[in-house]
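Please work through the following exercises on a protein assembly with bound DNA. Each task is followed by a worked solution.

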There are 2 protein chains.
Amino acid sequence: MKRAAGAEHEILRSAGLRVTPQRVAILKLLRGTRAHPSPEMVYRELKPAYPGLSLNTVYQTLHALEKAGVLRRISMEENVYRFDANVAPHVHLVCRGCGRVDDCNGDLEPLLEHLGREVAARCAWDIRAQDSCFYGYCPGCRSEGKPPKPREEV
Amino acid sequence: MKRAAGAEHEILRSAGLRVTPQRVAILKLLRGTRAHPSPEMVYRELKPAYPGLSLNTVYQTLHALEKAGVLRRISMEENVYRFDANVAPHVHLVCRGCGRVDDCNGDLEPLLEHLGREVAARCAWDIRAQDSCFYGYCPGCRSEGKPPKPREEV
DNA sequence: ACTTGACATCGTAGCAGTTCCTATGTAGTA
DNA sequence: TACTACATAGGAACTGCTACGATGTCAAGT
Ligand SMILES: [Mn+2]
Ligand SMILES: [Mn+2]
Ligand SMILES: [Zn+2]
Ligand SMILES: [Zn+2]
């Protein structure tokens, strides 16, 4: 293999997108985090190093990268977009206390794919994407004395 | 069993909520539809029969019923709330063409519960709810010549 | 290296969905 | 029937996202 630096450059090029400092920075940030940042979070994170950066550019770049399949957009109860550079099948955990979004570790891909096949077999839809989110309280928020209510919906 | 009429009345009472015409109407609508309506849809649907109805009341009622566990709120790519009186485990299908939200028929509950157990076993979170959405094109939109792209994310 | 055109960025204005505020109204209890 | 805590209506305010137009810049081709 060759250099690791410049990976973002190549990803952008092979997606048919021009390489700009903003896009490289945004993509690098996404590929280097597990926080599933929202557009605002991306903006706040990069603004110090790129004072000229526009929030609008963040939105446009995230859109372009999503359309190219480099990123995926996930939706949750807060009605705020969050982005993920990991486009492989995995489950998301969303904390109702602090809002953090984690990946669920452990190989659940077989289960997710099985579920996908079952759904595709049961409906006449043209399925393009699938999203499994679990809501609750992360270890940090749980220890802060959140009410231990019973299980609700599924 | 007793009467079917007045079911909404009893549901509201046992949820500790006052019974008002607005609440009965909203709950009855939700319990009688499979469209997973948004607050706006509920409002537009009921406004003719209840000219004095306020959109704000729709929001507040939906919130109260969600908090009581009578309704569940589902989130999807459009960043618009949609509500469901069916709080039992089931998969949702979301059309990227027309925006409709369907339930996936066929008993997938065992699979969903299995997935839930696996997730709970793999993380230290206090899980309270779970949501599985599939995105694509419904039969109607599919026949209108949508582009047949390959499968993407999971 | 220079030119050049298509594409990207920026700032701002606009929009839609949701929440906040408060005066008025009403359900449920005694 | 009277009272009070809770619910409603209307509108203002807020938020995240998108549209628009002027300016800037990447990269292909000379
Ligand atoms: Mn993820
Ligand atoms: Mn449903
Ligand atoms: Zn938390
Ligand atoms: Zn459709």
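The exercises below treat the contact between the chains and then the DNA surface.

This is a predicted model, in which local features need pLDDT of at least 70 and side-chain atom pairs count only at pLDDT 80 or more, while totals for chains, interfaces and linings use all residues. Residues are numbered from 1 along each chain as its sequence is written, chains are lettered from A and ligands numbered from 1 in the order in which they are written, and side-chain values use heavy atoms, without hydrogens and water.

**Exercise 1.** Describe the contact between chain A and chain B.

*Solution.*
1. Contact means heavy atoms within 4.5 Å; 58 residues of chain A and 59 residues of chain B take part.
2. The side of chain A that touches chain B draws its largest share, twelve residues, from β5(A), a strand (DSSP E run of at least two residues, numbered from the N terminus).
3. β5(A) pairs with β5 (residues 126-137) of chain B in the antiparallel sense over eleven bridges; pairing requires at least two DSSP bridges.
4. Within this pairing, Gly136(A) has Ile127(B) as its bridge partner.

**Exercise 2.** Locate polar contacts to DNA strand C.

*Solution.*
1. A polar contact to the DNA is a pair of N or O atoms within 3.5 Å.
2. A backbone N or O atom of Gly52(A) lies 2.7 Å from a phosphate oxygen of DNA strand C.
3. A polar backbone atom of Tyr81(B) is 2.8 Å from a phosphate oxygen.
4. In the side chain of Asn56(B), an N or O atom is 2.8 Å from a base nitrogen.

Note on methods. Helices (H or I, at least four residues) and strands (E, at least two) are DSSP runs, numbered from the N terminus. A polar contact is a pair of N or O atoms within 3.5 Å; within protein, one must be able to donate a hydrogen and the other to accept it, and residues adjacent in sequence count only if both atoms are side-chain atoms.
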